[in-house]
Amino acid sequence: MVHRSLDATQIDEKAYAEAEEAFRLATVHLPDELVLDVAREVVHRLAFRMPGVTVSEGYPSDAELDRFCSALLSAQEDAADRIILTARRDGAEIETIYLGYIAGASRRLGAMWESDQVSFIEVSIGTGRLYRIIRGLRHAIAPVVLKGKPRTPALFVLVPGETHSLGIEMAADLFRRDGGDVDVCIGQTHDQILGLAESRHYGAVVLVANSKRVIPALVQLSVALRISQPITPFALAGNLMDDEPEAKTLVGAELVISDISDGIAELRRLTEQG
């Protein structure tokens, strides 16, 4: 069941609902240890966006962060949402929401996790709620995340673990011939891909996957890339959809590319949105 607790005037309802469904499916498709890897990804990518020492004026106090973390872990589905909405309505800047509440809570949840103060279920619930909040607030958060980053039309990524690179190489070549600049990641690790993505603002991200065995890597990568590219449309390419019809939902992809030549025109339209 998709919850819609955040006010429609404050958030992107579609992105909020898609993030919730993606996390739900991840708990269904992945074993517990891999769900934890996805949760770690959310915590890691968000936590270190908050300065380690300097705390800007207006950032939440320790007590407020404790309350927000408790809300993220509580039985009340929309408790954390209400805290964020209240802060926004009280005039909190989006930097305070993102760098103070969200990044601050990620750091705190990470510390609680390391000291075994929270269970697997609590970690999954809390990080899932954090993720859907940032996806819902993506248009407001984007200027904070993307500030100063050069815009590049597209990023093509062969998901770590995949070995068939001919299709992605052909697609990238066709995209360039069509006049688009593109970064291509083939044979790179998860962290190497994220290192590049953190320095850019992409018009579109294309994830290429052909087999079910890479679904854990695909989900973890898509979550991390969504955090660094909050308003960028995603496309899923490759043969994975033949074996896993829910892959599009797991990634939250706006486009599925089944044919390279036909897909380039669709991808060009997608880059104009991101």
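**Entry 1: the lining of the largest cavity**

I began with the lining of the largest cavity in this predicted model. Which helix gives the largest share of that lining? I found α1 there, with 6 residues. I then listed the elements that each supply at least two lining residues. They are α1 (13–29), α6 (120–136), α10 (215–228) and α12 (247–251).

I counted 16 residues in the lining. Which of them lie nearest the centre of the cavity? My list reads A19, A22, Y131, L250 and V251. I sorted the lining by character as well. It divides into 11 nonpolar, 2 polar and 3 charged residues.

**Entry 2: cavities in the whole structure**

I moved on to empty space in general. Rolling a probe the size of a water molecule over the atoms shows where such space is left. How many cavities of 30 Å³ or more does the whole structure hold? My search gave 3. The largest has a volume of about 120 Å³.

**Entry 3: the overall build**

I noted 13 helices and 5 strands in the protein. The radius of gyration is 18 Å, close to the 19 Å that the globule rule gives for 274 residues, so the protein is as compact as a globular protein of that length. I looked up the span of the C-alpha trace along its principal axes, and wrote down about 55 × 40 × 35 Å.

What part of the protein is buried? I noted 53% of the 274 residues. I also checked contacts with a separation of 6 or more. Residues 24 or more positions apart make up 77% of them. On the outside, the protein exposes about 12200 Å². Carbon and sulfur atoms supply 50% of that area.

**Entry 4: E93**

I looked for E93 and found this residue in the loop between α4 (79–89) and α5 (94–114). Is E93 buried or exposed? I put E93 down as exposed, because its relative accessibility is 53% and the cut-off for exposed is over 50%. I also checked E93 against P150, which is 57 residues away along the chain. Their C-alpha atoms are separated by 24 Å.

**Entry 5: D116**

My last stop was D116, in the loop between α5 and α6. I looked at its backbone. Most residues other than glycine have a negative phi. D116 is not a glycine, yet its phi is positive, at about 60°. Is D116 buried or exposed? I noted a relative accessible area of 68%, so D116 counts as exposed.

Technical notes:
Residues are numbered from 1 along each chain as its sequence is written. This is a predicted model: local features need pLDDT of at least 70, side-chain atom pairs count only at pLDDT 80 or more; totals for chains, interfaces and linings use all residues. Side-chain values use heavy atoms; hydrogens and water are left out. On a 1 Å grid over the protein atoms alone, a cavity is a set of points where a 1.4 Å probe fits but cannot get out, and a pocket is an open set with protein on both sides within 12 Å along at least five of seven lines; lining residues have an atom within 4 Å of a point. Grid points are joined across faces, edges and corners, and a volume is the space filled by probe spheres set on the points. Helices (H or I, at least four residues) and strands (E, at least two) are DSSP runs, numbered from the N terminus. Ala, Val, Leu, Ile, Met, Phe, Trp, Tyr, Cys and Pro count as nonpolar, Asp, Glu, Lys and Arg as charged, and the others, Gly among them, as polar. The radius of gyration is taken over C-alpha atoms; the globule rule is 2.2 Å times the number of residues to the power 0.38. Buried means under 20% relative accessible area, exposed over 50%, partly exposed in between (1.4 Å probe, protein chains only). Contact means heavy atoms within 4.5 Å. Accessible areas come from the Shrake-Rupley method with a 1.4 Å probe; for residues, only the protein chains shown count as cover.
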